[in-house]
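The following exchange examines how certain descriptions of a protein model are justified. Each reply sets a value beside the criterion that applies.

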Amino acid sequence: MYEFEARRHAKLAVLREAGANPYPHGLTVTHTTAEVLALIGDRDNDALSDDETVVTLAGRLMFKNEMGKVGFARIQDRAGRLQIFVRKNDIGADAFKDVWKKLDMGDHVWIQGTLMRTRTGEATVRAKAIALSAKCIASLPDKHKGATDPEFRNRHRYVDLFVNPESREVFLRRSKVVRAVRDFFEARDYVEVETPILQVIPGGATARPFVTHHNALDIDLYMRVAPELFLKRLVVGGMERVYEINRNFRNEGVSTKHNPEFTMLEFYQAYATWEDLMVLTEELFEEVAVKATGGTEVKFGEHTLSFKGPFRRLTMADGISEATGLSAEQVRDPAALRERWLADHPGDAKHPELPSTMGKWFEWFFDEYVEPGLVQPTFVTGYPTEISPLSRRSDGDPDFTDRFEIFIAGMEIGNGFNELNDPEDQQARFLSQVEARDAGDQEAMYFDADYIKALSYGMPPTAGEGIGIDRLVMLLSDTQSIRDVILFPTMKPETTGTVAEDDAADASAGDAN
């Protein structure tokens with residue numbers, strides 16, 4: 001065990017031997033640091049000395065300065081930080097010696113005192129009573145730099161949150177985003193529901209699922225990749241406006257934009273169209289941005305994003321044509337698309353998954369040439385039917401669907417469309433997906449006979465959409481990695497040594513406490 005933690009454990013043993021409980025309960029708190037600061041307001045020390053208000057608060061010790069029989073500290077609670085003034089004559093000799101003198105950085109401390117302002121003008125609580133409320137025995141990150149290493153911050157979020165105020169603000173903003181989403185849909189007569197996470201047949205998205213096994217039933221189950229098919233079953237059942245803020249699981253890669261476990265909003269509205277949902281999405285994003293950030297202009301990296309509608313509309317074909325210089329006719333010609341692709345990527349000539357159809361080529365071209373340039377909110381429309389297995393075909397051109405995706409800052413944020421409610425057409429598309437799976441596409445959908453049965457009872461004309469909550473929070477908090485907006489992102493287990501060794505390796509060796 002490292003010397004730092006050995007010293008902390010030794011202090012813990014001394015406390016226990018002296019009969020003191022280093023982890024007491026029953027300590028009441030009357031004020032947060034923010035509430036104390038509000039009580040102090042702009043009053044000077046003369047005015048505060050006449051105020052007999054007694055406050056009781058608690059927090060983590062983030063700074064300590066001992067000066068003989070007096071000292072200063074800063075504690076941090078959920079509302080912020082506040083300075084504490086400690087004097088031996090105020091708290092008593094025993095508390096000064098047995099509590100104050102033995103407090104270490106990171107300890108949780110309980111304070112009862114009165115209001116004051118120091119000579120430098122800082123709002124402060126003058127301690128009249130003090131107690132240890134929880135001993136910290138782990139090593140802390142460097143007290144000046146904080147936990148700046150992304151690996152450390154994501155792996156030890158419990159440290160990141162109290163060391164880095166900006167990280168805490170991200171998750172407070174995330175909470176505001178989710179609350180604003182709920183308020184938005186509740187105001188429009190939507191019903192919030194819950195659908196199964198464990199499913200016999202995974203569906204609702206072209207994604208590779210996680211597989212588990214139910215022992216009692218002796219069957220394999222799949223972690224939900226999307227709630228779509230269950231939510232549309234509810235529309236069949238007469239719940240005409242439903243939404244779910246759900247956790248989804250996809251057995252795919254990890255990147256700054258992807259985490260295997262993520263949060264998504266999905267909503268469905270009977271007798272609405274995809275055009276209606278684009279307008280609804282503009283209203284949603286504008287309202288959420290205002291509630292979460294205070295306005296519709298949001299900084300993200302080097303860009304300033306505008307969440308004020310209306311947003312740009314762009315067909316997939318036009319986007320590819322603009323980015324590559326291909327004509328409208330060439331964009332719909334698989335041979336022309338292949339030639340253009342190989343001109344830029346000659347090494348792909350023998351690629352085993354090189355597309356042969358317009359729809360698949362659209363995916364490749366869009367991801368490569370179009371998506372990175374979509375900075376301001378943009379609705380992309382005109383998705384080919386073959387890459388949209390759950391979307392309704394366009395009446396004007398059955399090779400395409402009534403579908404859109406919204407892109408912001410080069411990321412897909414949402415996907416919506418007129419729902420396919422023809423059971424025979426849906427069955428044929430499921431069979432096409434099964435053929436793709438049999439050919440080796442592990443992300444292709446399964447055949448869901450019960451969903452076809454549900455559609456056979458008649459689903460009214462419906463439009464639905466899914467929006468990635470994690471990515472939306474990234475945009476609204478100027479955060480470049482999805483890991484930094486997920487409290488506990490998926491990571492490889494630590495294998496370099498014991499937990500204590502790994503922690504100490506990431507911490508500062510210079511912390512003298």
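Q: Which residues of H11 meet which residues of H14?
A: In this predicted model, Met-316, Ala-317, Gly-319, Ile-320, Ala-323 and Thr-324 of H11 meet Phe-362, Glu-363, Phe-365, Phe-366, Tyr-369 and Val-370 of H14. By class, this contact has nine nonpolar, two polar and one charged residues. Gly counts as polar under the scheme applied, and Gly-319 is one of the H11 residues involved.

Q: Why is H11 called oblique to H14?
A: Helix H11 (residues 316-324) and helix H14 (residues 358-370) pack at an angle of about 55 degrees, and their axes are 10 Å apart. That angle makes H11 oblique to H14, because angles under 35 degrees count as roughly parallel and those from 65 to 115 as roughly perpendicular. The crossing of H11 past H14 is left-handed.

Q: Which residues form the contact of H13 with H14?
A: From H13, the residues are Pro-334, Leu-337, Arg-338, Arg-340, Trp-341 and Asp-344; from H14, they are Met-358, Trp-361, Phe-362, Trp-364, Phe-365, Glu-368 and Tyr-369. Nine are nonpolar, none polar and four charged. Helix H13 (residues 334-344) crosses H14 at roughly 35 degrees, the axes coming within 10 Å, and this crossing is left-handed.

Q: Why are H8 and H17 described as oblique to each other?
A: Helix H8 (residues 165-186) and helix H17 (residues 469-476) pack at about 120 degrees, with axes 10 Å apart. The roughly perpendicular range ends at 115 degrees and roughly antiparallel requires over 145; H8 and H17 are therefore oblique. H8 passes H17 in a right-handed crossing.

Q: What makes up the contact of H8 with H17?
A: Val-170, Arg-173, Arg-174, Val-177, Val-178 and Val-181 of H8 contact Ile-469, Asp-470, Leu-472, Val-473 and Leu-476 of H17. By class, these residues divide into eight nonpolar, no polar and three charged.

Q: What makes both faces of strand E15 covered?
A: A residue is buried when its relative accessible area is under 20%. In E15 (residues 378-381), Thr-378 and Val-380 on one side and Phe-379 and Thr-381 on the other are all buried; both faces are thus covered.

Q: How do you know that E15 pairs with E14 and with E16?
A: Pairing requires at least two bridges between strands. Strand E14 (residues 312-315) and E15 have four bridges in the parallel sense, with Thr-315 opposite Thr-381. Four bridges also join E15 to strand E16 (residues 403-408), in an antiparallel arrangement, where Ile-406 is the bridge partner of Phe-379.

Key:
Residues are numbered from 1 along each chain as its sequence is written. This is a predicted model: local features need pLDDT of at least 70, side-chain atom pairs count only at pLDDT 80 or more; totals for chains, interfaces and linings use all residues. Side-chain values use heavy atoms; hydrogens and water are left out. Axes are lines fitted to C-alpha atoms, for helices over the stretch in contact, and angles run from 0 to 180 degrees between N-to-C directions. Helices (H or I, at least four residues) and strands (E, at least two) are DSSP runs, numbered from the N terminus. A crossing is left-handed if the near helix is turned anticlockwise from the far one by less than a right angle, and right-handed if clockwise. Contact means heavy atoms within 4.5 Å. Buried means under 20% relative accessible area, exposed over 50%, partly exposed in between (1.4 Å probe, protein chains only).
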